[in-house]
Amino acid sequence: MSEPVAPKKTWRPTRRQFLLGLGMGGAGALALGLPAMRLGVARVLDEGIAPSGDPVDPTVWFEILPDDRVRLHVPKVEMGQGIHTALAQLAAEELEVPWERMEVVHANTAHGPVDERGTSGSMTVVGLYQPLREGAATLREMLRAEAARQLGVPAASLVAAGGTLSVRDQPGRTLRYGEVVARHTGAWEVPEQPPALKPAKDFQVIGQSMPRLDLEAKLTGQGVYGYDQRLPGMLYGASARPPRLGSTLRAAREGKAREQPGVVAVVIGKDFASVAAESREQAHAALAHLELEWTGGESLQQADVDALTTVKEGEGVIVQDEGDVPEHLGRGKQLSAEYRTPLAAHAHLEPQAALVEVKPERVRVWTSTQSPGSIRKQLAKALEREEESIELVPTHLGGGFGRRLDPKAAIEAARLSQATGRPVHVGWTRTEEFRHGFFRPPTHHVLRASLEESGRVLAFEHQQASGDVLFSLVPEALATVLGADLGSWRGATIRYALPHRRVRAQRVKLPVPTATWRGLGLLANTFALEGFMDELAHAAGEDPLAFRLKHLGEDELGRRFRRVLEAAAKRAGWGTPAPEGRARGIACSVDMRTVVAQVAEVSVEEGRVRVHRVTCAVDCGLVINPDGATAQVEGSIMMALSSTLSERITLKDGQVEAGNFHDYPLLTMREAPDIDTLLVGEGDQPLGMGEPPMGPVAAAVANALFTLTGKRLRTLPLKL
C-alpha cells in the first residue's frame, strides 16, 4: 500500500538532547546575578550544543511502498547542502534497505514530522543522527515482528537484509518489506523503547560517498523550486516597497492601479498595499499607479552605519572572562588592532517565493523556506486562521543561508489569495531582494594583547560590536535579558590556552534590517581573532603555525586543533617556498564543535588579490557522506572567499545602493581557487558541517597577503 502506516502512539526516545532553556530571566537571573547568568549561557552556547529533531513515531517518517521502495519524509529542507542524502543514509543503515530503494521527500505540515526549529545552524545531521536511526531501527523491528507472525516463526529467527526478512537457514522462506506491509491489517504497535543500534564496525552505508538522491531531479528540471511552483488559474502578486529604509506607509489609495492591464485586485491594509494580476510583469507595473504616502525613514549614509557600529570601550556583555585581563594587559609588549566587516547580502540564486491558495476550509502553501513550522505559525496569525487548517509544502530552495526564515513572500501571497479567491504566486525581484531583505550585520573589533619576553601571549582581549543577528528574531524582552546576541558573537571567544582572556560583545541597534547569514558571526569574528593572532606571531618573531601550536592546550580541543593545523600545513607545503610571486597564510577556528584549519595561497595580479589554492583540514567527527562533506567545505570556502574579496552592501541617502549583481559582484568561476579538503576527524558522532568551514577563510587570505606585501589589511573586503 502507498499510504503510510497510521501512527498509534507518540514516539518516546531513550534520551533527549536540548537547547539551553533561555527562560533563565526573572527569578533565575536575580538568583545568579545577571552578569553571571549571561556568562553561564555563553559557556553553554559556545560548546555548540544542538537540539535533536522532534522525535516522533517512526510510522510518521516512513512509507513502505508495494514495490519495496522506502519513502522517507524529512522535516529538514534540501537547499543544496545534500542533507536529504545524508539522512537517508542513516535510515538505510538501520532499516537494512538497498540504497536504490531509498526515496526522500520534504515532509509537509500535514504529512510527516513538523520541524519547529528550522533547517539552520549546521544542526540537521547532528540533531537527527540519533532519533532518525532509532526510528528506522524501530520500524525494522516492527516489520520483523509482523513478518514473524505472517510466517509463523519466532522473530529472532528472521534476518533483515536487502529490504527483506528471511528465516535463518531457510532461504526460501522470505518476505519483502512491501509484502509485509501489504499483508498487515489493523494498527501497528510501536514499541516503547527503540532497539539497540548497529555498532559502527558494522556500518555499510554510513561513511560511504553515496550518490545524491536529489541530483537527477535537479539536473533534469523535475525538481520544483518555490519560484517555479504553479497551479491552474493562479495570479501573480506584487507589493509596494518603502522608498527609504525605515519608511512606513501612512496612507494608500488605489489610484489607477485597478484599471491597469491584467489587474484583478488591489489589496490595501494598515501597513501594506498589494496588487494581484494575470502576470508578474502586470502586477509590478500596476504598483506605479497606486497613490502612496510614506512617512519617516532614515536618510542614512554609509558613514552613519560605520559610526554606529563602533566599539564603545568597556561596554557590552562579557561572554568570556578567565584570569585577570585588566591587570595583565599592561605588562610586557603591548599590541592592539581594529578590524571591520561590512553589511553583506545573501545573494542566493533564487529570490523569495511562495504560492498560496486560500479556501474557506483550508490553506495550501508551497514556499522556499528553511522553517515550515515557523512560517505556518506566522501565516495563521496573518490570516487569523487555526494552524491546523494550513498545509505548508516546502519546495527545493535555491540557496538559504538564513534568508529563508523570512515569511514576507508567503504572507503577501496569502493576503492576495484570500482577497481574490484564487491561488496567488509572489516571487520577489532581484532588486527587491537586495534592497528590501535583511543583511549580515556590520562588525567592529578592538583587540589588545600583551606578549611576554618568551613570545607567549600573557593576556588577550577581544571587544566586538555588531548589529543584530538572532536578536532580530526574538522578543525584545529576551534580548534585553541576554544582553549579547549569541549569533553576533558566534566564533568570538578565544580558544587558545591563554592565562588571561576576555571577550565583550556589544549590541548595536541599527536602522538597517540585519539578521541571520551563513555562519552568523563566525566569519567576521574569526577574521579579527586569527588576523590578530597572526600579528602577535610576527611581533614575537615566530612562524605563525608554530606560534599557534605552542598556544594550544593539552585538552581534547587543543589536540583537535593541533591535528587540523598540522594536517593542513603539511598538505599545503607550509615551511617550503611558495611558488614565485605567491605567499601562504594560515588560520583556524571551531564552530558547532567542528574544528577547521586552512592555508590560503595568494598572489596579487594587476593590483587585485588572487587566491590560487585553499587547503582545508576538517575534524567534524563521524562523517556520514565524505563526498557530501567535501562539497560543504567547497561551498563554504567559495561563499566566504567571495565575501572576503568583493562583497559589500553600502547605503546612500537612506537606500541600499546595490540593485542587482552588477552592483554586487560575486566570486566568479574564473576566480575560484583549487580547494583541497582533508577530513581528519574521529569519533562516533557527526558534528556541524554546513557553516564551520566559513570561519578561517578571510583570516587565512589576509595573513597570506601580509606575508606577500607587508601590508596588514583589517577591513573586508580586502582591497590593496
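Two strands pair if DSSP finds at least two bridges between them. With that in hand, welcome to a short tour of this predicted model. Strand 19 (residues 457–466) and strand 20 (residues 500–507) run parallel and are joined by 8 bridges, and they make a good place to start. After the strands come three individual residues, then a cavity and a pocket.

**Strand 19 and its hairpin with strand 18**

- Strand 19 is mostly covered, with 10 of its 10 residues buried.
- On one side of the story is strand 18 (residues 443–451), which pairs with strand 19 in the antiparallel sense over 9 bridges.
- Serine 450 has alanine 459 of strand 19 as its bridge partner.
- Strands 18 and 19 form a hairpin, and 5 residues lie between them.
- If you are looking at the turn of that hairpin, find glycine 455, whose phi is positive at about 90 degrees.

**Strand 20 and its two partners**

- Strand 20 is also mostly covered: 7 of its 8 residues are buried.
- Its parallel pairing with strand 19 can be followed at two positions: alanine 459 stands opposite histidine 500, and glutamine 464 stands opposite alanine 505.
- Alanine 459 is thus a handy landmark, being the bridge partner of serine 450 and standing opposite histidine 500 in strand 20.
- Strand 12 (317–322) runs antiparallel to strand 20, and 5 bridges join the two.
- For a landmark in strand 20 here, look at arginine 501, which has glutamate 322 opposite.
- As a reminder for viewing, side chains in a regular strand alternate between the two faces of the sheet.

**Glutamine 370, in a loop**

- Glutamine 370 lies in the loop between strand 15 (363–367) and helix 11 (372–383).
- Because its relative accessibility is 2%, glutamine 370 counts as buried, the cut-off being under 20%.
- A polar atom of the glutamine 370 side chain lies 3.0 Å from the backbone nitrogen of glycine 402.
- Leaving aside residues up to four places away in sequence, glutamine 370 touches several parts of the chain: Val77 and Met79, then Gly118, Thr119 and Ser120, and also Leu397, Gly400, Phe401, Gly402, Arg403, Arg404 and Leu405.

**Arginine 241, with two glutamates**

- Arginine 241 is found in the loop between strand 7 (235–239) and strand 8.
- With a relative accessible area of 19%, arginine 241 is buried, since the class takes in values under 20%.
- The side chain of arginine 241 makes a polar contact of 2.7 Å with the side chain of glutamate 412.
- A polar contact of 2.7 Å also joins the side chains of arginine 241 and glutamate 432.
- Not counting residues up to four places away in sequence, arginine 241 touches Glu412 and Glu432 along with Trp294, Trp428 and His436.

**Alanine 251, in strand 8**

- Strand 8 (residues 247–253) is where alanine 251 sits.
- Alanine 251 counts as partly exposed because its relative accessibility is 22%, which falls in the range between the buried limit of 20% and the exposed limit of 50%.
- Beyond residues up to four places away in sequence, alanine 251 touches Glu291, Leu292 and Glu293.
- Alanine 251 and glutamate 361 are 110 residues apart along the chain, and their C-alpha atoms are separated by 33 Å.

**The largest cavity**

- Searching the whole structure gives 8 cavities of 30 Å³ or more, and the largest has a volume of about 70 Å³.
- Its lining consists of Arg38, Val41, Ala42, Leu45, Val317, Val319, Leu482, Ala484, Leu486 and Trp489.
- Helix 2 (34–46) and strand 12 each supply at least two residues of this lining, with helix 2 giving the most at 4 residues.
- By class, the lining has 9 nonpolar residues, 1 charged residue and no polar ones.

**The second largest pocket**

- The second largest pocket has a volume of about 570 Å³.
- Of the 23 residues that line this pocket, Val104, Val105, Asp214, Ala217 and His396 lie nearest its centre.
- Strand 3 (102–106), helix 7 (215–219) and strand 16 (390–394) are the elements that give two or more residues to this lining.
- Strand 3 provides the largest share, 5 residues.
- The lining of the second largest pocket divides into 11 nonpolar, 7 polar and 5 charged residues.

Definitions and conventions. Residues are numbered from 1 along each chain as its sequence is written. This is a predicted model: local features need pLDDT of at least 70, side-chain atom pairs count only at pLDDT 80 or more; totals for chains, interfaces and linings use all residues. Side-chain values use heavy atoms; hydrogens and water are left out. Buried means under 20% relative accessible area, exposed over 50%, partly exposed in between (1.4 Å probe, protein chains only). A polar contact is a pair of N or O atoms within 3.5 Å; within protein, one must be able to donate a hydrogen and the other to accept it, and residues adjacent in sequence count only if both atoms are side-chain atoms. Contact means heavy atoms within 4.5 Å. On a 1 Å grid over the protein atoms alone, a cavity is a set of points where a 1.4 Å probe fits but cannot get out, and a pocket is an open set with protein on both sides within 12 Å along at least five of seven lines; lining residues have an atom within 4 Å of a point. Grid points are joined across faces, edges and corners, and a volume is the space filled by probe spheres set on the points. Ala, Val, Leu, Ile, Met, Phe, Trp, Tyr, Cys and Pro count as nonpolar, Asp, Glu, Lys and Arg as charged, and the others, Gly among them, as polar.
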